[in-house]
Amino acid sequence: MLTLLRLAGHSVRLCEAGCALTPDADGHVDVPSTWTSIGVQAFYGCVDLKTITIPSSVTSIQSRAFRESGLESLTVPGSIEQIGVAAFYKCKKLTSISLSNSLTHIGQTAFDSCTGLTSVTIPDSVVSMDPGAFQRCLSITSLHIGAGMKDIAILTCNGCNSLTSLHIPGTVRSVGAGAFQFAKDLTSLTFDEGVTEIGQSAFYGAINLPSVGFPHSLVKIDDYAFEHTRALLNITFTESLTSLGEGAFMYTGVEFLSLPNSLTVLEKRAFRGSKALREISLGSQVRSIGNGSFENCFALESVTFPETL
């Protein structure tokens, strides 16, 4: 049974699979050049859709446009500036997507649960992504963040547990809460100068991360940011850090710890349960150590205290 749907001022027919345009025998759709957007829910649930050609007349992909469709690959043309909320949510067969250099915004949960994606390059033109844009993309091993990004939103890649390496460019000011939590295969993490804040639980559960060094621009590491990073042996702080949150490095594998002189307060449970921790040098300006900061650090042999305590 076919029904009519109004899209971009035109009446189009919906096939039984939920497609605004019926795919051909190969699962392909050519979008007419009269369209200016891929409308809301245009191909929602269209399991017969495999590939699509989008003309340069189209400037946006709207909310849920391809949600839970059978789309396998997509090249986003240079005319498209925005991708809407949940536009590709649960497109589990989507293995390849090429984003254009004209794209400026990626909406909330746009690619959530696209479990077939293995590599994503976010172009420099993208300045903002809403929360959860790539969360639960379980197969992503490589994520390139373009130099135009200003902030990494909360839950951006939450649950991307196959991600192996990540570089945060200097244009990024903050990494949002839970942005990369449960990235269990992450083994390389680097920051350019410019990042000032790492949010709550941002890298929680990155259990195979062996080391991390922070830029001189970093001022704040929020609560539980690196909790349960049990392979984390080396942490390099810089003399810009003024705030280290509650439980920020609970249950790490660090053995030797040197805190910067810029840090004045160590919040409670900061390094709790870091069982391999042997030596601690507290910065010269530390005035307060929170409850349980080094609780259950059973290997601890030496602590160097500043005169401020």
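Start by selecting β23, β25 and β27: in that order they make an open sheet of three strands with parallel pairing. Now pick out β23 (256-258) and β27 (302-304), which stand at the edges. Each has a single partner strand, so one side of each is left without a neighbour in the sheet. Look along the strands and you'll find that neighbours in this sheet are turned by 5° against each other on average, direction ignored. Keep in mind as you go that this is a predicted model.

Stay with the sheet a moment and show just β25 and β27. They pair in the parallel sense over three bridges. For a residue-level view, click S281, which stands opposite T304 in β27.

Next, the nonpolar core. Which members of the largest nonpolar core touch the most other members? Select F43, F88, F111 and F180, for those are the ones, out of 90 residues in that core. Then colour β15 (165-168) and β17, since each of these strands supplies at least two residues of the core. As background, nonpolar side chains tend to be buried together in soluble globular proteins.

Time for the rings. The count of aromatic pairs comes to 16. Select F203 and F226 to see one of them: the ring centres are 5.2 Å apart and the planes sit at 15°, under the 30-degree cut-off, so this pair is stacked. Where in the chain do F203 and F226 lie? F203 is in the loop between β18 (197-198) and β19 (211-213), while F226 is in the loop between β20 (220-221) and β21, so the pair ties together parts that are 23 residues apart in sequence. Both F203 and F226 are buried.

Move on to F249 and F271, another stacked aromatic pair, at 5.5 Å centre to centre with 10° between the planes. F249 lies in the loop between β22 and β23, and F271 in the loop between β24 and β25, so here the pair ties together parts that are 22 residues apart in sequence. F249 and F271 are both buried, too.

Now widen the selection to F180, F191, F203, F214, F226, F237, F249, F271 and F294. Together they form one aromatic cluster. Both of the stacked pairs you just visited, F203 with F226 and F249 with F271, have their residues in this cluster.

Leave the rings and go to S240, in the loop between β21 (234-236) and β22 (243-244). Is S240 buried or exposed? Its relative accessible area is 15%, which is under 20%, so S240 counts as buried. Turn on the side chain: a polar atom of it lies 2.7 Å from the backbone oxygen of H216. Leaving aside neighbours within four places in sequence, the residues in contact with S240 are P215, H216, S217, L218, V219 and S262.

Last stop: two backbone oddities. Most residues other than glycine have a negative phi. Select F182, where phi is near 70°, a positive value in a residue other than glycine. F182 is found in the loop between β16 (174-175) and β17 (188-191), and at 41% relative accessibility it counts as partly exposed. Then jump to R269, with a positive phi near 60°. R269 has its place in the loop between β24 (265-266) and β25 (279-281). Its relative accessible area is 28%, so R269 is partly exposed.

Notes: Residues numbered from 1 in each chain as written. Predicted model: local features only at pLDDT ≥ 70, side-chain atom pairs only at ≥ 80, totals over all residues. Heavy atoms only, no water. Helix = DSSP H or I, 4+ residues; strand = E, 2+ residues; numbered from the N terminus. Buried < 20%, exposed > 50% of the residue type's maximum accessible area, 1.4 Å probe, protein only. Polar contact = N/O pair within 3.5 Å; in protein donor to acceptor, adjacent residues only side chain to side chain. Contact = heavy atoms within 4.5 Å. Pairing = 2+ DSSP bridges. Axes fitted to C-alpha atoms, helices over the stretch in contact; angles between N-to-C directions. Core = buried A, V, L, I, M, F, W, Y, C linked by side-chain atoms within 4.5 Å. Phe/Tyr/Trp six-rings, centres within 6.5 Å; stacked < 30°, edge-to-face > 60°.
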